Amino acid sequence: MILCSNPRAQYLSRKDAIDAAVLRVLEKGRYILDEEVGTFETEFASYIGTAQAVGVGSGTEALHLALVACGIGAGDEVITVSHTAVATVSAIELTGAKPVLVDIENDFYTLNPQSLKQAVTSKTKAIVPVHLYGQPVDLKPILKFARSHKLFVIEDCSQAHGAVYQGKRVGSWGDLGCFSFYPTKNLGAVGDAGLVTTDNTKLAKKTRMLREYGWKERYVSTVPGWNSRLDEIQAAVLRVKLRYLDADNKARRRIADLYCAALTGPDLILPRERKDTTHVYHQFVIRSKKRDQLQNFLKKKGVATLIHYPVPVHLQPAYKDRLAGNDRLPVIERVAQEILSLPMYPELSDFDVRTVAKLIEDFSGKGTIK
């Protein structure tokens, strides 16, 4: 079986260092918000290129706390895309604000800056662009629009650790950047974990308070807060993996090159890379009008694939007919019927990549892709 993602393979590739890091924490006996978290925050901020980083419990909570730190709550509106993990939208709703969903660019699957003008209202307080699949959003026109309307920009970087937009890493452009370290991510923990990056000292301090009951000093809540703390074991594991993130991303890009060289012909749409960016291929996503048949064919041949995402947020039962901006989003709705994520992780062998490509070629040869 060729897996679509394989976090165990990454653990095994760094087993000795990860085991030593976990043992170090266990033996020290301090498991919440101690030295490992503080050091990882410093190291990750340095890697991204921001002054501050705040470790939290998950990527969803990173978005939630970042929004609250910006003062966003009931009665406000936040613009984001419908083609994303539901976590992006659920984080907005956790604040009491209303998500306003907009369409994406056909070639890159990220927020279309041209959609902002129609979505903004007097209630809009922020924009959450999502760097999807490892592809950076076209940030400059979004930031220009946000500045002209006095809006916060909170980057959802959950699928783009290490991606670069015009010379700077994503997570360093907006007012805040939000990261998930779910085990399958480019930088993955061994459980849930997240982090917020920023150059704004005030927002960083507010986020630190919010992640632990609103404490400015222990047991004294200055503001209402939550329990969303990055634990020491996760931070220790992430510190190990961060040292190898650039190499792992380079491996992902090489695998993407292998796929692109092997998958030829007019029947498939392959990923495109935005000019002046570095795509880090959290997912390798192709498109086919016969997507479902292709996925079933690959499954029968022992190849696991996934669809990120089969149902846009605005069409899901929990959100349909109740979110602002819930008019038809034609690009998203078309893309959702065609996309397929192929196996992609740094330890994936060249043999397995070629096997997947050959199976897709075989499927095409039977005339089932038109």
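Is R208 buried or partly exposed? With a relative accessibility of 27%, R208 counts as partly exposed. That residue comes back in point 2; here are my notes, and keep in mind throughout that this is a predicted model.

1. Salt bridges, the count and a first pair. I'd begin with the charged contacts, since the structure holds 23 salt bridges. One of them joins K28 and E35, whose side chains meet at 2.8 Å, N to O. On the K28 side the residue is partly exposed, at 44% relative accessible area. E35 has a relative accessible area of 52%, so it falls in the exposed class, the cut-off for that class being over 50%.

2. E41 and R208. Here the closest N and O atoms of the salt bridge are 3.1 Å apart. E41 sits in helix α3 (residues 35–48) and R208 in helix α8 (residues 201–210), so this pair ties together parts that are 167 residues apart in sequence. The two ends differ in cover: E41 is buried, with a relative accessible area of 6%, whereas R208 is partly exposed at 27%.

3. R169 and D246. Another salt bridge has these two side chains meeting at 3.7 Å, N to O. Because R169 belongs to strand β7 and D246 to helix α10 (residues 245–262), the pair links parts that are 77 residues apart in sequence. D246 is partly exposed, with 42% relative accessible area. Worth a look as well is a network in which R24, E36, E43 and R239 are joined by salt bridges that share partners.

4. Aromatic pairs, starting with Y109 and Y133. The model holds 12 aromatic pairs. In the Y109–Y133 pair the ring centres are 5.9 Å apart and the planes stand at 75 degrees, so the arrangement is edge-to-face. Y109 comes from the loop between β3 (98–102) and α6 (116–119), and Y133 from the loop between β4 and α7, so the pair ties together parts that are 24 residues apart in sequence. Both rings belong to buried residues: Y109 has a relative accessibility of 5%, and Y133 has a relative accessible area of 3%.

5. F297 and F363. How are these two rings arranged? Their centres lie 5.3 Å apart with planes at 45 degrees, so the pair is tilted. F297 is in helix α11 and F363 in helix α13 (residues 350–365), so parts that are 66 residues apart in sequence are tied together. F297 is buried at 13% relative accessible area, and F363 is buried too, at 4%. As a further aromatic feature, F40, F44, Y47, F179 and F181 form one cluster.

6. Backbone spots to check. Three places caught my eye. The peptide bond from H308 to Y309 is cis, with omega near 15 degrees, and Y309 is located in the loop between α11 (291–300) and α12 (330–335). Y133, already met in point 4, has phi near 65 degrees, a positive value in a residue other than glycine. Its location is the loop between β4 and α7 (139–149). Q166 is also a non-glycine with positive phi, about 45 degrees, and is found in the loop between β6 (164–165) and β7 (168–169). Unlike the buried Y133, Q166 counts as partly exposed, at 33% relative accessibility.

7. T124 and its surroundings. T124 is placed in strand β4 (residues 124–128). With a relative accessible area of 5%, T124 is buried. What does its side chain reach at 2.8 Å? The partner is the backbone nitrogen of T121. Setting aside neighbours within four places in sequence, T124 is in contact with E77, I79, A119 and L151.

8. A nonpolar patch on the surface. L23, L26, Y31 and I32 make a nonpolar surface patch of about 360 Å². One of these residues, L26, lies in helix α2 (residues 15–28). L26 is partly exposed, with a relative accessible area of 42%, which clears the patch cut-off of over 30%.

Terms used. Residues numbered from 1 in each chain as written. Predicted model: local features only at pLDDT ≥ 70, side-chain atom pairs only at ≥ 80, totals over all residues. Heavy atoms only, no water. Patch = residues over 30% accessible without salt bridge, like charges linked within 9 Å, V, L, I, M, F, W, Y side chains within 5 Å. Areas by Shrake-Rupley, 256 points an atom, 1.4 Å probe, with all protein chains shown as cover. Salt bridge = Lys/Arg side-chain N within 4 Å of Asp/Glu carboxyl O. Helix = DSSP H or I, 4+ residues; strand = E, 2+ residues; numbered from the N terminus. Buried < 20%, exposed > 50% of the residue type's maximum accessible area, 1.4 Å probe, protein only. Polar contact = N/O pair within 3.5 Å; in protein donor to acceptor, adjacent residues only side chain to side chain. Contact = heavy atoms within 4.5 Å. Phe/Tyr/Trp six-rings, centres within 6.5 Å; stacked < 30°, edge-to-face > 60°.
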